[in-house]
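Visitor: I am new to this structure and would like a close look at a single part of it. Could you take one helix, go through it slowly, and then follow its links outward?

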Amino acid sequence: MLGKCFFIICVVSVICAAATGNLSQLSNAVIDGASSSVELTLALAGNMCLWCGIMEVLRRAGAVEKLSLLLSPILRHVFPHSWKNNVAKGEITAAISANMLGIGNAATPFAIDAMRKMQENNPDKDTATDDMVTLAVLGTSSVNILPTTLVALRRSVGSAAPFRIILPIWICSSACAVFGMTLSRTLAKCKKSISKSQLRKE
């Protein structure tokens with residue numbers, strides 16, 4: 001689907017450029033965009049490698065388990081089923097921690113491992129559990145304490161104060177995480193209530 005969207009955008013761009021007589025500007029924009037994308041990728045590669053490596057070192061050093069104990073009072077309420085059954089606690093903690101540090105690339109493999117383990121203990125293989133939905137929600141709307149990727153992006157384009165966005169990001173990311181969690185839990189309760197009412201009717 002994403003490929004089709006990009007294809008449509010490219011076709012529309014060429015048609016509009018031809019209709020307005022700006023094909024040469026379009027060609028220059030394509031070349032300049034390709035060049036700048038390579039430069040941006042190289043600028044971000046070092047930042048991503050650094051933080052992904054740090055997360056892997058922390059995991060192998062046992063820091064993830066210690067962090068799991070530190071965050072357990074909070075995460076046991078966010079992921080009650082996983083903490084009760086001791087399922088994917090380390091992977092969930094690592095994924096949440098990586099997202100809080102703004103390194104989604106490092107969080108992705110941990111989240112996938114957590115989802116795989118939770119699925120193995122899922123009695124209904126065709127339906128995601130509440131904890132799986134919660135992890136997906138927090139993966140896209142997590143509290144972002146240190147937005148490393150955004151800071152690297154701002155620095156790569158010449159920002160003199162790349163860390164100036166931290167306070168607004170703390171506010172926005174916290175609000176998104178709270179809203180996402182509230183919506184997720186509310187819908188889960190509604191689903192359970194509907195299922196119980198249907199069973200009673202049957």
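Guide: What follows is a walk along helix 5, then to the salt bridges, and last to the largest pocket. Please keep in mind throughout that this is a predicted model.

Helix 5 covers residues 89-100, which makes 12 residues, and from its first C-alpha to its last it reaches 16 Å, close to the 16 Å expected at 1.5 Å a residue. This helix is mostly covered, since 9 of its 12 residues are buried. The buried residues begin with Glu-91, Ile-92, Thr-93, Ala-94 and Ala-95, and the list goes on through Ile-96, Ser-97, Ala-98 and Asn-99.

Glu-91 deserves a longer look, because its relative accessibility is 17% and the cut-off for a buried residue is under 20%. As general background, side chains of opposite charge can pair when their charged atoms come close. Here the side chain of Glu-91 meets that of Lys-117 in a salt bridge, at 2.5 Å from N to O. Because Glu-91 lies in helix 5 while Lys-117 lies in helix 6 (residues 104-120), the pair ties together parts that are 26 residues apart in sequence. The two partners can also be set side by side in their exposure: Lys-117, at 35% relative accessibility, counts as partly exposed, whereas Glu-91 counts as buried.

Following the link into helix 6 leads to another pair, for the count of salt bridges comes to 2. The side chains of Asp-113 and Arg-116 meet at 2.9 Å, again taken from N to O. These two residues are 3 apart within helix 6, so about one helical turn separates them. Asp-113 is partly exposed, with a relative accessible area of 31%, and Arg-116, at 47% relative accessibility, is partly exposed as well.

To finish the walk, we can turn from the helices just described to the largest pocket, which holds about 390 Å³ of space. Its lining is made up of 17 residues, and those lying nearest the centre of the pocket are Thr-127, Ala-128, Thr-129, Asp-130 and Lys-191. Helix 7 (130-140) and helix 9 (166-201) each supply at least two residues of this lining, and the largest share, 6 residues, comes from helix 9. Sorted by class, the lining of this pocket has 5 nonpolar, 7 polar and 5 charged residues.

Conventions: Residues are numbered from 1 along each chain as its sequence is written. This is a predicted model: local features need pLDDT of at least 70, side-chain atom pairs count only at pLDDT 80 or more; totals for chains, interfaces and linings use all residues. Side-chain values use heavy atoms; hydrogens and water are left out. On a 1 Å grid over the protein atoms alone, a cavity is a set of points where a 1.4 Å probe fits but cannot get out, and a pocket is an open set with protein on both sides within 12 Å along at least five of seven lines; lining residues have an atom within 4 Å of a point. Grid points are joined across faces, edges and corners, and a volume is the space filled by probe spheres set on the points. Helices (H or I, at least four residues) and strands (E, at least two) are DSSP runs, numbered from the N terminus. Ala, Val, Leu, Ile, Met, Phe, Trp, Tyr, Cys and Pro count as nonpolar, Asp, Glu, Lys and Arg as charged, and the others, Gly among them, as polar. The expected span of a helix is 1.5 Å times one less than its number of residues. Buried means under 20% relative accessible area, exposed over 50%, partly exposed in between (1.4 Å probe, protein chains only). A salt bridge is a side-chain nitrogen of Lys or Arg within 4 Å of a carboxyl oxygen of Asp or Glu.
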